[in-house]
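Here's a quick tour of one helix and some ring contacts. Have the viewer open while you read.

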Amino acid sequence: MSLYDLYGPRVHGALWPFMGRTLPIPVYCRVCGDKSFGKHYGVYCCDGCSCFFKRSVRRRIVYTCIAGTGQCIVDKARRNWCPFCRLQKCMRVNMNVSAVQDERGPRKSKTPKIPEINTIVPKNWKTRNEYIYEIGAQIFLTSLRQCRFNESIAILPKADQNEILNKTWYQSFVLMAAFWPTNLITLLSGSNSSVERIVATLIASHRAMRLDSVEYNLVLTLVLCRPDLCGSAEFRNDLTAIGTNAKDALMKHAAFKSPTRYYGILACILSVTEDLAGYMKIIFFEPSVRNVPMNHLVSVIT
């Protein structure tokens with residue numbers, strides 16, 4: 001939609017001298033519908049969507065849909081809900097990725113920066129621990145919902161889904177945490193707790209793999225393809241076939257980047273053991289859910 005369409009010929013003529021990056025009268029952001037006073041990366045969008053797009057492209061963040069459908073509503077009120085769908089909408093309205101990559105970054109300061117020991121906790125959180133519990137709950141909810149939409153799980157009855165997720169939730173949790181916008185690695189690695197530092201190292205090893213979206217989904221499928229945990233015998237062959245196909249696809253895809261990449265990815269997956277699941281519960285859940293077993297939490301998230 002053009003300024004002519006929005007304001008008519010008379011206003012359009014009045015605005016013509018100002019049609020650079022700054023407009024005297026706001027238009028609608030093409031991504032979320034908020035006010036936009038100019039173009040960012042080739043599209044009229046608000047400062048919030050512009051910064052989100054720039055950050056996502058520069059950091060090469062791989063998001064996943066919080067609902068698992070890829071069809072979340074992106075508007076002013078809900079634009080922060082699902083970063084995956086927000087970035088997809090940025091792409092649909094033709095925001096220019098190359099413009100971000102070609103853009104000059106901030107000038108380097110001559111004064112050396114002091115490395116941060118911890119992530120700054122937002123002002124609306126009273127304590128660091130409360131902030132960590134909230135992030136943990138968001139990751140847990142998002143990762144489990146995504147798992148239930150995965151092809152290897154979606155074909156199964158609810159009881160079999162729960163049985164597999166009870167034994168694999170911690171692997172999908174770490175996988176999701178590695179790509180979460182909040183840097184948990186910084187938040188946990190500066191802690192005095194050895195348990196938190198161990199989990200931070202685990203998440204960091206997954207982030208270091210820099211999985212693309214194809215690898216991410218194939219890895220998740222491999223994690224969930226557990227015919228040994230499936231109580232319904234008629235689905236075990238299906239799970240085995242899906243797992244074999246995912247393994248072959250991952251090997252072929254990873255080989256384009258490095259001959260040994262596939263084995264590095266497998267090593268990452270296998271490093272998340274059931275013992276470490278206990279550490280994750282201590283850090284993210286135990287103080288808030290207390291004695292509620294994890295299998296109950298898994299069963300109520302659909």
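Just past helix α9, Arg-210 has a positive phi of about 50°; bear in mind that this is a predicted model. At the other end, where α9 starts, Ser-193 gets involved: one of its side-chain oxygens comes within 3.3 Å of the backbone nitrogen of Val-195.

Now the helix itself. With 15 residues (194-208) at 1.5 Å a residue, α9 should span 21 Å, and its end C-alpha atoms are indeed 21 Å apart, so the two values agree. Its buried residues are Val-195, Glu-196, Val-199, Ala-200, Leu-202, Ile-203 and His-206. Looking down the axis of α9, these fall within an arc of 160°, so they line one face of the helix. Thr-201 and Ala-208, on the other side, are exposed. As for what covers the buried residues of α9, the list includes the helices below.

| Covering element | Residues |
|---|---|
| α5 | 128-149 |
| α7 | 158-177 |
| α8 | 184-189 |
| α12 | 261-270 |
| α13 | 274-289 |

On to the rings. There are eleven aromatic pairs in the structure. One of them is Tyr-41 with Phe-53, tilted, with 5.7 Å centre to centre and 50° between the planes. That pair ties together distant parts of the chain, twelve residues apart: Tyr-41 sits in the loop between β3 (39-40) and β4 (43-44), while Phe-53 belongs to helix α2 (residues 47-59). Both Tyr-41 and Phe-53 are buried.

Elsewhere, ring pairs join Phe-140, Trp-169, Tyr-170, Phe-173, Phe-284 and Phe-285 into a cluster. And for a charge over a ring, check Arg-86: it lies over the face of Phe-52, 4.5 Å from the ring centre.

Key
Residues are numbered from 1 along each chain as its sequence is written. This is a predicted model: local features need pLDDT of at least 70, side-chain atom pairs count only at pLDDT 80 or more; totals for chains, interfaces and linings use all residues. Side-chain values use heavy atoms; hydrogens and water are left out. Rings of Phe, Tyr and Trp (its six-membered ring) pair if their centres lie within 6.5 Å; planes under 30 degrees apart count as stacked, over 60 as edge-to-face and the rest as tilted. Helices (H or I, at least four residues) and strands (E, at least two) are DSSP runs, numbered from the N terminus. Buried means under 20% relative accessible area, exposed over 50%, partly exposed in between (1.4 Å probe, protein chains only). A charge sits over a ring if NZ of Lys or CZ of Arg is within 6 Å of the ring centre and within 35 degrees of the ring normal. The expected span of a helix is 1.5 Å times one less than its number of residues. The arc is that of the directions from the helix axis to the C-beta atoms. Contact means heavy atoms within 4.5 Å. A polar contact is a pair of N or O atoms within 3.5 Å; within protein, one must be able to donate a hydrogen and the other to accept it, and residues adjacent in sequence count only if both atoms are side-chain atoms.
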